[in-house]
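Colleague: Before I use this model, I want to know what stands behind the words used for it. Please take the terms in turn.

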Amino acid sequence: MKTRRACLAAALLTTAVALTGCGSSDSGAASVPDGWGTLKTKGVDVSYPEGYAEQSAAERGKHNAAAAVRTEGGRKVSVITVQLGFTEANSAEQAAIAAEAGIQLGAKVEGQKDVELAGTDEAKRIDFSFEATGEDGGPAKGTPVRGVILTGLDSSDTTFAIRVDAARGTLPDGDLDRIIDSVEVR
């Protein structure tokens with residue numbers, strides 16, 4: 001009787017372990033919430049919440065491969081941009097150093113850490129904050145702005161930088177997390 005129970009327990013454990021390894025065929029793929037738009041580029045895609053509008057090539061900065069903007073009261077309160085090939089680097093660490101150099105003077109870099117992004121084994125996240133200048137249609141002067149840059153190399157070893165800037169109170173933490181989870185590097 002003990003042998004039969006031991007065999008049954010072993011069989012159940014083996015089945016549980018086997019099922020734990022099973023999952024959907026897209027595990028590791030980016031997650032895009034329903035109703036969100038997606039900025040698609042040659043090396044990386046990132047999705048954005050409702051309320052943002054994708055900019056055309058003529059509307060966005062010349063260094064941006066894609067961009068989406070959220071406005072309130074005629075002012076840009078949040079911007080998501082994608083840059084490709086913004087520097088020569090051969091690691092996510094080097095790309096992060098270059099991305100930090102592009103953060104505006106006077107901003108407070110709050111940290112850099114590894115981040116998991118679908119499609120790449122190595123990526124960095126840089127968190128920073130600054131006060132808006134009130135220029136270029138952005139938030140009113142002095143408005144606190146939180147920024148995040150996700151950076152690394154795509155499959156062709158080209159650097160990418162996804163930057164999310166949002167005036168305080170305009171992008172919930174949950175939406176920022178979903179933006180990060182939506183990133184797919186190719």
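Modeller: S5 gives the most to the lining of the largest pocket, with six residues. This is a predicted model: local features need pLDDT of at least 70, side-chain atom pairs count only at pLDDT 80 or more, and totals for chains, interfaces and linings use all residues. Residues are numbered from 1 along each chain as its sequence is written, and side-chain values use heavy atoms, with hydrogens and water left out.

Colleague: What makes a residue part of the lining of the largest pocket?

Modeller: A lining residue has an atom within 4 Å of a pocket point; on a 1 Å grid over the protein atoms alone, a pocket is an open set where a 1.4 Å probe fits, with protein on both sides within 12 Å along at least five of seven lines. The space in the largest pocket is about 790 Å³. It has 33 lining residues, and Val79, Gln104, Phe130, Arg163 and Asp165 are the closest to its centre.

Colleague: Why are the buried residues of H3 said to line one face of the helix?

Modeller: Buried means under 20% relative accessible area (1.4 Å probe, protein chains only). In H3 that holds for Asp175, Leu176, Ile179, Ile180 and Ser182. Seen down the axis of H3, they fall within an arc of 165°, so they line one face. The arc is taken from the directions from the helix axis to the C-beta atoms.

Colleague: How do you know that S1 and S2 pair?

Modeller: Two strands pair if DSSP finds at least two bridges between them. Four bridges join S1 to S2, and the two run antiparallel.

Note on methods
Buried < 20%, exposed > 50% of the residue type's maximum accessible area, 1.4 Å probe, protein only. Points joined across faces, edges and corners; volume = space filled by probe spheres on them.
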